Structure formats: structure tokens, C-alpha cells
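Got your viewer open? Here is a short tour, one selection at a time.

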Amino acid sequence: MAGKALWQNLKDLVDFDKKILKLKNDIDSTKKSLNDDSVQISKLKVLLESKSQFCLQMQKNVDSFELDSKTFEDDEKAKQFKLDSVKNQKEYKSIEAEVEHARKERVKFENQITEAWYNLENAKKDYDAEKIKIIEKEELLAKDMEVKTASIQDLNSKLNMLNEERNTISSRIPADWLLKYDRMKNSVEDPIAPVINGSCSACYYAVLQQDYLRLKRSGVLPCRSCYRFLYYDEEEEKALQQAKF
């Protein structure tokens with residue numbers, strides 16, 4: 001294969017590889033965004049669970065204080081009952097002190113119960129309000145994930161089609177040129193460049209006269225400076241020159 005057919009197929013291959021690269025980047029970017037959504041949902045669930053656990057802890061505090069208060073209340077009643085039947089003054093004073101201690105402890109825990117109930121109610125209100133917000137956020141994120149998942153499937157479908165078309169184009173290029181191209185595309189963004197005004201349009205290296213003549217015959221030659229594949233298209237050169245004026 002020589003002449004225009006070779007460099008045209010190589011140019012087509014470059015175009016397809018650019019499209020394929022863009023699709024792959026779009027897929028990777030969408031996958032990352034999809035993963036970010038998933039992480040965000042997990043964080044929201046952890047946040048809601050932490051608030052739920054806080055409510056449980058506040059409830060345990062209430063239950064614990066109420067139990068302690070009931071214990072001292074029962075102790076106070078028992079000692080008060082015992083106090084009513086005591087006739088010895090010394091024993092009466094001792095039990096009376098115990099009754100007072102039990103009463104003070106009961107009052108202390110009743111105050112703690114009041115504060116614990118206040119904290120519990122606030123925790124429940126915070127949980128309920130946050131739950132509504134989190135559910136709304138999760139629904140929005142879930143819908144966003146559905147859209148992104150569908151987008152990834154569509155992009156993969158397009159990628160498969162492009163790869164098939166690329167294989168068709170690759171089959172038109174001789175194996176040795178295809179190998180050279182695959183090496184070159186990993187080194188530079190644009191592995192093939194036109195010769196404009198007698199120079200490589202990528203690095204502006206002046207093409208030797210003998211290379212210029214060979215280029216017109218063979219279709220493609222490596223640039224002696226940047227090693228890109230050079231081709232010459234008279235119509236393209238004229239179009240570029242006219243565009244400058």
C-alpha cells in the first residue's frame with residue numbers, strides 16, 4: 001500500500017483512537033462519579049444510624065435514671081415505714097438520716113430524669129428531621145446513579161462499535177506500518193502530520209528535497225526531527241493557506 005490510501009487510513013486510525021480515548025475517559029469519569037454517589041449514600045446511612053444510636057443511648061439514660069430513682073424511692077418508703085415503728089430515739093435518728101439520704105438521691109435522679117427526657121426529645125426531633133433530609137438526598141442520588149449507570153452502558157456500547165470499526169481500518173494497513181503507528185501513538189498525541197510549506201506541521205522541521213520527492217511517491221515518511229509520520233496532500237495545503245488570508 002502506498003500513496004494517499006496509506007496516510008488516509010493512518011489518519012482515520014488517529015481519529016478513531018482519539019474518539020476511543022475520549023470515550024474511555026468519559027467512562028472512567030462517569031464511573032468515578034457513580035462511585036462518589038455510592039460513597040455519599042453510605043455516609044448518609046452512617047450519619048442516620050449514628051443519630052439513631054444516639055437516640056437509643058438517650059433512652060437508655062432515661063431508663064437508667066428512672067430505675068435508680070425507683071430504687072431510692074422504694075428504699076425511702078421502706079425506711080419511712082420502718083421509721084414509723086421505731087421507738088428508740090437513737091435508732092430513730094439513724095433511720096431518719098437514711099430516709100433523708102434516700103430522698104435526696106431520689107430527687108437528684110428525678111432531676112436527671114427530667115434532663116434526660118429533654119435530651120431524648122431533642123435527639124428524636126433531630127433524628128426525624130435529619131431522616132427526612134437524608135431520604136430525599138438518597139432518592140436524588142439513587143436517580144443520579146441510575147442515569148449514570150445507563151450512560152456507562154451507552155458509552156460502552158459506543159466504544160464496542162468504535163473498536164469494531166477501528167479493527168476494520170487496521171486491517172487495511174500493512175502490519176509493519178501498524179506496528180510503527182502503535183509505537184508512535186504512545187509517544188505523541190498526533191502521530192501523523194501533514195507537510196505544509198515544505199515543513200513538518202507539528203515540529204516545523206524543514207523536509208529535505210529528496211525526502212519531499214520520496215514522500216510524494218510513497219505517501220508516508222517519518223519526520224527526521226519528531227519522528228511523526230509525514231504525508232503530503234496538495235489540496236489540504238491549499239486549504240490551510242487560503243484559511244490564513
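Before the first stop, a term you will need: contact means heavy atoms within 4.5 Å. Helices (H or I, at least four residues) and strands (E, at least two) are DSSP runs, numbered from the N terminus. You are looking at a predicted model, where local features need pLDDT of at least 70, side-chain atom pairs count only at pLDDT 80 or more, and totals for chains, interfaces and linings use all residues. Residues are numbered from 1 along each chain as its sequence is written, and side-chain values use heavy atoms, with hydrogens and water left out.

**Stop one: helix α4**

Select residues 209-218, which make up helix α4. Which of its residues are buried? They are D211, Y212 and L215, where buried means under 20% relative accessible area, exposed over 50%, and partly exposed in between (1.4 Å probe, protein chains only). These three sit on the same side of α4, because they cover an arc of only 105° around the axis, taken from the directions from the helix axis to the C-beta atoms. Spin the view to the other side of α4 and you'll find Q209 and R217 exposed.

Now add what covers the buried residues: β1 (192-196), β3 (221-222) and β4 (229-231) are included. Then step just past the end of α4 to G219, which takes a positive phi of about 100°.

**Stop two: two cysteines**

Show C226 and C203 next. The sulfur of C203 is the closest cysteine sulfur to that of C226, but at 3.7 Å it is too far for a bond. A disulfide is a pair of cysteine sulfur atoms within 2.5 Å, and the structure holds zero of them. C226 counts as buried, because its relative accessibility is 16%.

**Stop three: D37**

Jump to α1 (4-85), and pick out D37 in that helix. D37 counts as buried, at 8% relative accessibility. Which residues is D37 in contact with, leaving aside its neighbours within four places in sequence? Select L141, D144, M145 and K148.

**Last stop: the largest pocket**

Finally, select V14, D17, K18, L21, Y181, K185, N186, V188, E189 and P191, which line the largest pocket. Its volume is about 220 Å³. On a 1 Å grid over the protein atoms alone, a pocket is an open set of points where a 1.4 Å probe fits, with protein on both sides within 12 Å along at least five of seven lines; lining residues have an atom within 4 Å of a point. Grid points are joined across faces, edges and corners, and the volume is the space filled by probe spheres set on the points.

Helix α1 gives the largest share of the lining, four residues.
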